[in-house]
Amino acid sequence: MPCSITSDTLKDHVSVWEDAPFLQGTTRFEPQSDVNNIMITGGAGFIASWVVRHLARTYHGHYNIISFDKLDYCATLNNTAQLDKDSNFTFYKGDITKREDVMDCLRKHNVDTVMHFAAQTHVDLSFGNSNDFTSTNVVGTHALLECVKYHGVNKFIHVSTDEVYGEVKDDGKDLLEDALLLPTNPYAASKAAAEMYVEAYRKSFQVPAIVVRSNNVYGPHQFPEKVIPKFSMLLQRGQQLSLHGDGTHTRRYLYAGDAADAFDTILHKGQVGQVYNVGSSDEISNFTLCSMLLGQFGLSNETKEEVYKHVVHCEDRPFNDHRYAVDGSKLKQLGWQQNTTFADGLSTTVDWYRKYGGKWWGDISDRLAPFPTVPPEEHIERARNTELAISPARSKKNGKRGFDEVEGSPETKRRRENDHMDSVLGAIKA
Ligand SMILES: NC(=O)c1ccc[n+]([C@@H]2O[C@H](COP(=O)([O-])OP(=O)(O)OC[C@H]3O[C@@H](n4cnc5c(N)ncnc54)[C@H](O)[C@@H]3O)[C@@H](O)[C@H]2O)c1
């Protein structure tokens, strides 16, 4: 059932956030007259909570911010608890795959602008639970678009990722927004599929959509299943860093404050119908990242041997894009720039996790495993919810960590999966 969380409920919540710094972006634009009530999906997650905090504080008196989130395992109300007393902030507990939740929120808060961040986001998990990724990222986005088409909004900002382009060769050029989408993992495929729906709804039903494809974002408030917070938490616990493959894979990293500025810029200056890459100039290999993190903890990191002392090599992903490379000049033409150097951002981030990471999300020990597996209880709970019969024992037997096994013949599996999709799509039609 949808429900609004009141300030009393929040007061009872763990109060680790009370002495934490209030973190937001730096940009401010002339408030727009057709933007009043902004629904931000996934608002209790990492990037969206930065945007929620930034917009709520920067545009107080102009915009109301409604954070819409189902509070999945990676979310926490601590991410926005400092806004609890702000009159222009509301939290709405709802699920984007449930049409009744979305419609109720759109109507109750007279939403005129949607910024859609909610998603299943952990690539590692997508190799095992790809169904969850299709359900949330594709079917959820479809449900949201149906509701938005019916309700009507002035702007729909859809948050996608650089991963939709797939791998870029080491000597490959940075990709512009019109490059082909060639995703290589189930997460990226679900994000690319969601984009297809967004574009179709823009063309067919004039949903005023803008698509944003960002490089990797890092910073405080990110759930410690992703590499920077996870490695920081491992080092803090005196544990070894689990490095995928040979450590030569690179990612471009953007500090979350700069990402919040990018979304603020796109909200105020972006053109409907356009796609914007958000590019970082900091391309870092996983090995270099390990080395820099060791430095943050005062551990020797001068030579390969010194770094490897703190590293265990673990099984790589079934496919792991070696690098991504987007050209972000189109967004820069709107005035956005990357302000935070990787060294500064990393230092702020590590410092934050040392102080708050241990308590922010409760006990996260099971998420620090090398290639995260879904705990058996969660398998069973998900099986119950999706009506799929899942056997963790078989999963163990085939020796592939992180992989769900669905019991039954391929026919039975397909039928069950189709039934699940039908029930979700039925809710959209109802
Ligand atoms: N983190 C990155 O580096 C990165 C880079 C590029 C793009 N993105 C995109 O940015 C967006 C946010 O990513 P993030 O890393 O901050 O995510 P996150 O995993 O920290 O947060 C996702 C949020 O979505 C919520 N959510 C999940 N399913 C939902 C549902 N059915 N209904 C309502 N809420 C639901 C979760 O509770 C959580 O709060 C995603 O769309 C992701 O694909 C992320």
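How many nonpolar, polar and charged residues does the shell around the ligand have? By class there are 14 nonpolar, ten polar and five charged residues in that shell. Keep in mind throughout that the model is predicted.

**Stop 1: the ligand**

Select the ligand and the 29 residues around it. Those that come nearest are Gly42, Gly45, Phe46, Asp72 and Ala75. Next, colour the elements that supply at least two residues each to the shell: helix 2 (46-58), helix 5 (130-151), strand 6 (155-161) and strand 8 (216-218). Which of the helices and strands gives the most? Helix 2 does, with three residues. Two of the elements coloured here, helix 5 and strand 8, return at later stops.

**Stop 2: the sheet with strand 8**

Keep strand 8 selected and add strands 10 and 12. The three strands form an open sheet in the order 8-10-12, with mixed pairing. Strand 8 and strand 12 (283-285) are at the edges; each has a single partner strand, so one side of each has no neighbour in the sheet. Direction ignored, neighbouring strands of this sheet are turned by 50 degrees against each other on average.

Now zoom in on strand 8 and strand 10 (residues 250-255), which run parallel and are joined by three bridges. To find one pairing, select asparagine 216 and look across to strand 10, where tyrosine 253 is its bridge partner.

**Stop 3: helix 3 against helix 5**

Go back to helix 5 and add helix 3 (residues 99-108). The axes of these two helices come within 9 Å and cross at roughly 40 degrees. Helix 3 passes helix 5 in a right-handed crossing. On the helix 3 side, show Arg99, Val102, Met103, Leu106 and Arg107; they meet Ala143, Leu144, Glu146, Cys147 and His151 of helix 5. This contact of helix 3 with helix 5 has six nonpolar, one polar and three charged residues.

**Stop 4: helix 7 against helix 9**

Select helix 7 (residues 227-236) together with helix 9. Their axes come within 10 Å and cross at roughly 45 degrees. Helix 7 is therefore oblique to helix 9. This crossing of helix 7 and helix 9 is right-handed. Show Val227, Phe231, Ser232 and Leu235 in helix 7, then Leu289, Cys290 and Leu293 in helix 9, which together make the contact. The residues of the contact of helix 7 with helix 9 divide into six nonpolar, one polar and no charged.

**Stop 5: helix 9 against helix 12**

Leave helix 9 (residues 286-296) on screen, hide helix 7 and bring up helix 12 (residues 342-360). At what angle do the axes of helix 9 and helix 12 cross? They cross at roughly 60 degrees and come within 10 Å. Helix 9 and helix 12 are therefore oblique to each other, and their crossing is right-handed. From helix 9, pick Met292, Leu293 and Gln296, which meet Leu346, Ser347 and Val350 in helix 12. The contact of helix 9 with helix 12 holds four nonpolar, two polar and no charged residues.

Finish on Leu293 of helix 9: this residue takes part in the contact with helix 7 and also in the contact with helix 12.

Key: Residues numbered from 1 in each chain as written. Predicted model: local features only at pLDDT ≥ 70, side-chain atom pairs only at ≥ 80, totals over all residues. Near = placed C-beta within 6 Å. Helix = DSSP H or I, 4+ residues; strand = E, 2+ residues; numbered from the N terminus. Nonpolar A, V, L, I, M, F, W, Y, C, P; charged D, E, K, R; others polar. Pairing = 2+ DSSP bridges. Axes fitted to C-alpha atoms, helices over the stretch in contact; angles between N-to-C directions. Left-handed = near helix turned anticlockwise from the far one by under 90°. Contact = placed C-beta atoms within 7 Å. Parallel < 35°, antiparallel > 145°, perpendicular 65-115°, else oblique.
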